[in-house]
Each structure stands twice: as structure tokens, then as C-alpha cells.
Amino acid sequence: MNIKLSLRFKLIIGFVTITVPLVVLLLYNNYYASNIIREQVADSNKNSMILYSNQIEAALNKETNFLYNMAVEDPNITALSQLLNDPDEYYLAKARVLNTLMRYHRFDNSVDLQFIYSVKKQDLIHTPIKTQSYEELLSIKTSMEKAVESVTPDSAFFREWKAIEYDKRKYALIRLVDTGDDFYLGAFVKLENLMIPLDLIHLEDGFASFVNADGNLLTSSATVDSDRLDAPLAETNEAYQVVKKDRNNYIAVMNRIRGTDVILGAFIPESQMLKNLYHFRRGILIISILALFILILYLMYLNDIILKPMNLLVRGMRRIKHGDWDFRLHSSKSKEFAIINETFNGMASEIHDLKISVYEEQIKAHKAELKHLQLQINPHFLLNSINVVYNLAEIKNYNVIQLMCMNLVKYFRFTTRTNQIAVTIVEEMEHMESYIKIQQVRFPGRVTYAFRISDGAEKAAVPPLFIQPFIENAMKHGFDFMEHPFHIAVDIRFNGRDSLVITISDNGNGFPKDVLRQLQTCRYTESPNGEHLGISNVYYRLKHVFGQKARLEFDNAPDSGARITMVLPFLTVEEFASYGSI
């Protein structure tokens, strides 16, 4: 086989010749333009990030210096540790410390509140908390108490401002100063208040945010869908880095705020940057026009080697679809299409033969269904039942006659309901109960039964007269005048959550070996004389309705009689319609 004559080789060579230079040029153009835009965006926002970072650092450093100065110079701080055993004086000293904090806080409100905490008494004193709700006030107070109660002498709270979450997706910075007498001075500032100046920055649908090293967005200048980046931030000295958030790329301009564990960053979506790339778009337009011209030439070439043979193939499929089974395709110039046309012609002949076979199988199936309906009212069973009623009338056993007639009415009323697609397990078993009770009247004391249905299984749906053929076969072939009564048991239970197991067993002699072998190999479906018709119809309906999800198994129970097991999906009557009608 000469590979150079194949259609695949021609397509690959033509495609590579045209597309590789275009792709390389577009990729380089896109890469170069994107880097230029990223650098411009980074430069335009870097100075703003540095400016606001310095303002935040200055405000936090001023507050830190005040806390250190107060811890060293304020005599009331020293007096607190000496007045622990004098409640009145201790209370007055606390009030004086609180007044000092409030006076400073009145003139410098760069933080939201200041506090002092006693390690020994676990007493937290703080300036008033300004909040919008009582729930927020409680969450702030609770978070401060947890923070100061969990610190150790070497805690990072004494070295820098640490971010804590005081409410859902709300963060604040806390700084502690150890006075040396088991008292901590501290300050609390909400990050959302530090974001207020950043709202004035125009980031083109982007946002500014405080970020920690794990990539969590602590507080943002705009509402965002999620509160974290797709990956942690990388340590880099570059002016910007590309990060992902909600599967979108952002240009991140970062600046760490000294003295804290947070980073101030601006996040600009790359999609917004491209709208200003006028020259880039102009270049893409020119490239597109050139590519269109080249592709037109290439399409003219493809039309001759691909499109024309393909159109002929489609035309042939349409002719076959409309029933013209004599239509055949001619050979093609391309080796691949020559093979396709030859295969198409062979498949058309096989489909024509197969369709005839399908028609024959459908006719056979309809005949089997018709015969099944004809045998639903068994004249032999009806005559035997009427004969029993006659004999009972002769001995004037009217109670048994009433019972017999009532069960006959139930039995034949259910049997003649051929228009129903499905019935519940309860309805099917009530029909079987009527049948067995009729047999009990015919053979007094010789037939017993037991039905066991698991909780919830009674809602399952099956085709009507689904279990009857197996009960009738049990009575016909398994019943004998044994020393003990003939017993029929039907057990219906769940197999997992979506599957139902129906087991029908008796205590008769069981299946003969040759019959069991025939049943287990499914050869009963091939019987031409109508033998095993009831079982064949059940098997046909099982496969027609449930497909490969259903099973029908035959065996003999140990030390007992025959046993039939059916496994099928659990469906309600409403859901049954989606599986099609039988």
C-alpha cells in the first residue's frame, strides 16, 4: 500500500502546510501583545498599591507605637497588676486605663477599638465597639477573647498584626503588646475599613483585596463569587503574576504590608485587557483575511478529493433510507472512499436481508403474543372450576360455593384486563392468591401458600400476568398427592436500592434434569410447537421491557422442589411507561 496515495496523507500535508505558519504567527503575536499589556497594567497599578500599603503601614505603626508607649509610661498599667486583690481600686484603675484609650481613640480612629486583657483574671476591657448589628458585636467580642486566651509568650500576635476571622467571610487585624505584668494591650481593626480608600481605584472590572499566603481573599473592594484563589500565591520578585480564580485568569499586582501577615493586591481580569488591543485586533483581522483566501484555495482542492465522494455517499444513504435497496455506489479516485463505497454496498445488501429477517421475527413475536392472549382464559381450568361449583351445589355447601365464585370472579376479571401496561406487585399477588384459593377448594387440605413482600416492594410495577405462568406450571407439573401438602412460596425483596428479586419455589419434585438444562440454556424460547409458551412470553416481555437489566433463572432448591428467580429494576407504575409498552 502506497501511503502517499491515501487521503489521510494528503489531508495532513495540506493542513500542516497551511496551519502551522498561521498558528505560530498568531501564538507569537498573542504572546507578545499579552506580555506588553500585562506589564502596562502592572506598572499602572503598582504605584497605587505601594501608596496605599504605605498609608496602612503608617497607621498601624502609629497604633503599635502608642501601645508600646502606653505599656511603658502609663502608671495605671503598672497599678493594675498591684491591685488585683483590691476589687475597688482595681476597678478604678481599669476605668482610668479605659479613659486613656478612649481619649486617644477619639483623636485617632485608625483602628476600630483598643483593649487591655488580664491573663490572671481573664478580664477583657475594650473601647466601645461600633457595629451595625448586635450579632456582629458579639462575634467581634468572641473572636477577640478567643485570640487573647490562646496566645503564648512567643505568639506571632506580639510581633506583627495578625489576620483573624471574626465573622463569616469577615476579617480583622489584631496586634498585642505584652506589658510584662500578665497584661496585654491590643488593638483591633477591620480589614473592610482599610479597604475604603481602595474603592476609588479604577481596575476595569477587577478588584483590590487583602490576601494571605494561602491564596484566601480576606476582604475585597467588590463582591466576588468565592473567597479564595484557585492556587496559593507564589513568592516572586516580578512586577505581577498571573493567578486563577473561578477558572478565570487575573493579573495580580501584589505588595506585602510590612508588620502584618497580609498582602495587598489588585486583580485585573485578562479578558478586560484585550478590549483595548486595537492594533492586536487589526493584526488578527489582516491575518484572518489572508487565512480566508488561502483556505478558499484549499477548500477547492478538498472539494475534489473529499466533498464530491462524500456527497455521493450521503445521496446513497438517503436513497437507502427511502427504501431504494437496489442503489449502489461506484468506485472513487481515493483509496479510502473506494473501500467505503465497497463496504456501503455490502452493508446495503446485508441490511436488506436483515430487514426481511426482522419482519419475520416480529410476525413470530406477534403470533406468540396472540397465542398468549388466547390462552389467558384456560377453558380446562374454567370447566374444572365450574365442575367443582356443581359438586359443591349438590352437597349444598353454599359458603364454599360463595368463596369459589368470588375467587373465580377476581381471577377472570384480572385475567381479562389486557389493556394495562403494568400492575403493582400487590395486584399481581392478589390475583395469584385468588388462583391458589380456587385450587385449595379443588384439592382441600392439599395446597398451601406463603407470600412474603419486603417493605416498600409492594409499590413495584410488573407486567400483568407476570408471575401466573410459574404458579400454573408449579400446580401442573409439581403438584402430586404427596404425604404432605403441596406448598408454593413467593418471596419478593430488594436487591440493593434499585433492583427487585422475585423468587417462586415449591416443595414438589423439582425440574427433571433434561427440562432444567433446557430452561437454563434458554432453549425454551426456540420451541416451535408452543411448549413452554408461558415462560417464553415472560422471558420475551422481560427482555423487551427491561433489556439487559433483567434476569430469569431456574434451578432446584436443596431438598425441595423447583425454584425460579427473576431480577428486574424497581419501577413504579408511573415510571414503567418510560420503558415502553409490552
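In the hairpin of β16 and β17, 5 residues lie between the strands, and D559 takes a positive phi near 55 degrees. Strands here are DSSP runs of E with at least two residues, helices are runs of H or I with at least four residues, and both are numbered from the N terminus. The structure is a predicted model, in which local features need pLDDT of at least 70, side-chain atom pairs count only at pLDDT 80 or more, and totals for chains, interfaces and linings use all residues. Residues are numbered from 1 along each chain as its sequence is written, and side-chain values use heavy atoms, with hydrogens and water left out. β16 pairs with β17 (residues 562-569) in the antiparallel sense over 6 bridges. Two strands count as paired if DSSP finds at least two bridges between them. F554 has I564 of β17 as its bridge partner.

Both strands belong to an open sheet of 5 strands with mixed pairing, in the order β12-β14-β15-β17-β16. β12 (447-453) and β16 (551-556) are the edge strands; each has a single partner, so one side of each is left without a neighbour in the sheet. From one strand to the next, the twist averages 10 degrees. At one edge, β12 pairs with β14 (residues 486-494) in the parallel sense over 7 bridges. V447 stands opposite F486 in β14. Helix α11 (residues 425-442) packs on this sheet and touches β12, β14 and β15 (499-506); the direction of α11 makes about 170 degrees with that of β12. Axes are lines fitted to C-alpha atoms, for helices over the stretch in contact, and angles run from 0 to 180 degrees between N-to-C directions.

S499 lies in β15. With 15% relative accessibility, S499 counts as buried. Buried means under 20% relative accessible area, exposed means over 50%, and partly exposed lies in between (1.4 Å probe, protein chains only). Not counting residues up to four places away in sequence, S499 touches R493, F494, V567, L568, P569 and F570. Contact means heavy atoms within 4.5 Å.

The largest nonpolar core has 57 residues, and F470, I471, I502, F554 and M566 touch the most other members. α11 gives the largest share of this core, 7 residues. Another core, of 45 residues, lies apart from it and includes I37, V111, L173 and A208. A nonpolar core is a set of buried Ala, Val, Leu, Ile, Met, Phe, Trp, Tyr and Cys residues joined through side-chain atoms within 4.5 Å. In soluble globular proteins, nonpolar side chains tend to be buried together.

A second hairpin is formed by β8 and β9. It has 2 residues between the strands, and D246 takes a positive phi near 55 degrees. β8 and β9 pair in the antiparallel sense over 5 bridges, and V243 stands opposite Y250 in β9. Side chains alternate along β8 (residues 241-245): Q241, V243 and K245 point to one face and are buried, while V242 and K244 point to the other and are not.

N255 is placed in β9 (residues 248-256). N255 is buried, with a relative accessible area of 15%. Its contacts, not counting residues up to four places away in sequence, are K46, M49, I50, S53, I263 and L264. The side chain of N255 also makes a polar contact with the side chain of S53 (2.9 Å). A polar contact is a pair of N or O atoms within 3.5 Å; within protein, one must be able to donate a hydrogen and the other to accept it, and residues adjacent in sequence count only if both atoms are side-chain atoms. N255 and N47 are 208 residues apart along the chain, and their C-alpha atoms are separated by 9.8 Å.

Positive phi also appears in two loops. Most residues other than glycine have a negative phi. R169, not a glycine, has a positive phi of about 60 degrees. R169 sits in the loop between β3 (162-167) and β4 (170-178) and is partly exposed, with a relative accessible area of 39%. L465, also not a glycine, has a positive phi of about 60 degrees. L465 is found in the loop between β13 (461-462) and α12 (468-478) and counts as buried at 5% relative accessibility.

For the chain as a whole, there are 15 helices and 17 strands. Of its 582 residues, 42% count as buried. Among contacts with a separation of 6 or more, 61% are between residues 24 or more positions apart.
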